[in-house]
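Visitor: Could you take me on a close look at one part of this protein? I would like to hear about its cysteine link and the nonpolar surroundings inside the chain.

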Amino acid sequence: MGARDLLVVAIVFTAATVVLAGAPVHHVVGEDRGWDPSTDVASWYSQRVFRVGDKIWFTYSTTQESLVELRNEEDFTSCDLSNPIKMYTDGLDTISLEGEGIRYFVSGNTESCKNGLKIPVKIQPKEQIMAQNTVASMAVADGPTVPSASTNLNGLSYILVVGLSICLLGL
């Protein structure tokens, strides 16, 4: 494999990494156990990073549970359901995380809430990918041979295409 082939592989790999790193994540609360009193949602939550653009999914039995979004930490801590932002009762609720900050989700069953069926979702900004990472990856893969001027032009074309794609995708 020549220097040009290594460069193409590095660009494709780097472009794929950039797209995957910036892609929204779909978080399923409690994974296969769902939003249920038997689920250790605190443990599940502690292993997650929520970012703007992600989606969070709640699945639960509508005969036993519901979901409530509360306004503040005080209502969250005390499980005060009297002034909710929104109540969810479908059994499969998808919530888009559109802005930075903390959103408070609790069980609509006060007893379940007091027993820990609640999560504060701290939403962080979208992950920023620096252009320098792309250039550094390509420089490492360039190999020990000195490419001709035409190879440099082809490599530059690939860099321009990847850069343009990143700009168009808004990453």
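Guide: Here is a walk from the cysteine link to the nonpolar cores. Please keep in mind that this is a predicted model.

Let's begin with the link. A disulfide is a covalent bond between the sulfur atoms of two cysteines. Searching the whole structure turns up one disulfide. Its partners are Cys 79 and Cys 113, with 2.1 Å from S to S. This bond ties together distant parts of the chain, as its two cysteines are 34 residues apart. Cys 79 sits in the loop between α3 (73-78) and β5 (86-88), while Cys 113 belongs to helix α4, residues 110-114. The angle about the S-S bond is -85°, and the link is left-handed. Both Cys 79 and Cys 113 are buried.

Now for the nonpolar cores. In soluble globular proteins, nonpolar side chains tend to be buried together. The largest nonpolar core here has 18 residues. Among those with the most contacts inside this core are Val 29, Trp 35, Ile 56 and Phe 58. Three elements, α2 (41-46), β3 (55-59) and β8 (118-124), each give two or more residues to this core, and β8 provides the largest share, with three residues.

Ile 56 is a good place to pause. Beyond its neighbours within four places in sequence, Ile 56 is in contact with residues including Val 29, Trp 44, Phe 50, Ile 119 and Val 121. Its contacts also include His 27, Asp 93 and Thr 94.

Finally, we return to one of our cysteines. A second, separate core of eight residues includes Cys 79, along with Val 68, Leu 81 and Val 106.

Notes. Residues are numbered from 1 along each chain as its sequence is written. This is a predicted model: local features need pLDDT of at least 70, side-chain atom pairs count only at pLDDT 80 or more; totals for chains, interfaces and linings use all residues. Side-chain values use heavy atoms; hydrogens and water are left out. A disulfide is a pair of cysteine sulfur atoms within 2.5 Å. Helices (H or I, at least four residues) and strands (E, at least two) are DSSP runs, numbered from the N terminus. Buried means under 20% relative accessible area, exposed over 50%, partly exposed in between (1.4 Å probe, protein chains only). A nonpolar core is a set of buried Ala, Val, Leu, Ile, Met, Phe, Trp, Tyr and Cys residues joined through side-chain atoms within 4.5 Å. Contact means heavy atoms within 4.5 Å.
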